[in-house]
Amino acid sequence: SASALLTEYLRTGAAHVLGGPDHLLFLLVVLAAGWGWKPLLGALTCFTAGHALTLLGCVWGGWSAPAALVEPAIAATIVGLAAFDQAARRRARPLHTGVRLALVFGCALVHGLGLVGALADLTQWAPGSAQLAWALVGFNLGIEAAQLAVAALAGLLMLGLGAALKAWPPAVTTRAAGSLASTAAMMAGSFWFIQRVMLSV
């Protein structure tokens, strides 16, 4: 039934986020930029919309790309976005919100190619069928719900950090935490990029 498919793939989407180090690390980079809550919601939605678009192209349009290219490219998006943020902090002039949303959306298009393997069983339904549509809707809703949950948890952690470091102004605490998170993401993403390139050779 439609409700059963929606529920099943909602869980699949949420599990993909919570169990996927790539997705969680990219989320860390997005959160580390220190958005207000409205732009943050926009960024998370852009991320979901970007990889949903690629996923639709793969499922309905027959798009494909070899994993030997996709996996290093995903790691490169993590490093690249984190590097953009670090450069903006050094200039003390953050990127314009529209520019950063476009960057998140562009990175999400690449990440969408890595989602296809998680939905290999979708080929059991014909393109354009109601079952396929409900599965895709559920999967993307699950991803968005999990991203919002991670963002909420990160927000609570930042509030706790701010309370623990009362002597530091909130802006300094946020900036330091964001810089640390971006640096950690660049290091992990660089390691994954090299590792994946070596494995694909």
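**Exercise 1. Find which residue forms a salt bridge with Asp 22, and work out which parts of the chain the pair ties together.**

Step 1. In this predicted model, Asp 22 pairs with Arg 196 in a salt bridge, and their closest N and O atoms are 2.8 Å apart.

Step 2. Now place both partners: Asp 22 belongs to helix α2 and Arg 196 to helix α7 (residues 170–200), so the salt bridge ties together parts 174 residues apart in sequence.

Step 3. Check the surroundings. Asp 22 has a relative accessible area of 13%, so this residue is buried. Arg 196 is buried too, at 15%.

**Exercise 2. Follow Arg 196 to another salt bridge and name the network that results.**

Step 1. Arg 196 also forms a salt bridge with Glu 71, where the closest N and O atoms are 3.5 Å apart.

Step 2. Glu 71 sits in helix α4 (residues 67–91) and Arg 196 in helix α7, so parts 125 residues apart in sequence are tied together.

Step 3. Is Glu 71 buried or partly exposed? Its relative accessible area is 27%, which means that Glu 71 is partly exposed.

Step 4. Turn to another pair: Arg 100 and Asp 85 form a salt bridge with their closest N and O atoms 2.4 Å apart. Arg 100 is in helix α5 (residues 97–115) and Asp 85 in helix α4, 15 residues apart. Both are buried, Arg 100 at 4% and Asp 85 at 6%.

Step 5. Put the shared partners together: Asp 22, Glu 71 and Arg 196 are joined by salt bridges into one network. The structure has three salt bridges.

**Exercise 3. Describe how helix α1 and helix α2 cross.**

Step 1. Two packed helices are described by the angle and the distance between their axes.

Step 2. The axes of α1 (residues 2–19) and α2 (residues 21–32) come within 5 Å and cross at roughly 75 degrees. Therefore α1 is roughly perpendicular to α2.

Step 3. Look for the contacts: His 16, Val 17, Leu 18 and Gly 19 in α1 meet Pro 21, His 23, Leu 24 and Leu 27 in α2.

**Exercise 4. Compare the settings of Ala 146 and Leu 141.**

Step 1. Helix α6 holds Ala 146 and also Leu 141.

Step 2. Ala 146 is buried, because its relative accessibility is 5%. Ala 146 touches Ala 14, Val 17 and Leu 18, leaving aside residues up to four places away in sequence.

Step 3. Leu 141, at 45% relative accessibility, counts as partly exposed. Together with Leu 10, Trp 134 and Val 137, Leu 141 makes a nonpolar surface patch of about 330 Å².

Notes:
Residues are numbered from 1 along each chain as its sequence is written. This is a predicted model: local features need pLDDT of at least 70, side-chain atom pairs count only at pLDDT 80 or more; totals for chains, interfaces and linings use all residues. Side-chain values use heavy atoms; hydrogens and water are left out. Patches are made of residues with over 30% relative accessible area and no salt bridge: like charges are joined within 9 Å, nonpolar side chains (Val, Leu, Ile, Met, Phe, Trp, Tyr) within 5 Å. Accessible areas come from the Shrake-Rupley method with a 1.4 Å probe; for residues, only the protein chains shown count as cover. A salt bridge is a side-chain nitrogen of Lys or Arg within 4 Å of a carboxyl oxygen of Asp or Glu. Helices (H or I, at least four residues) and strands (E, at least two) are DSSP runs, numbered from the N terminus. Buried means under 20% relative accessible area, exposed over 50%, partly exposed in between (1.4 Å probe, protein chains only). Axes are lines fitted to C-alpha atoms, for helices over the stretch in contact, and angles run from 0 to 180 degrees between N-to-C directions. Angles under 35 degrees count as roughly parallel, over 145 as roughly antiparallel, 65 to 115 as roughly perpendicular and the rest as oblique. Contact means heavy atoms within 4.5 Å.
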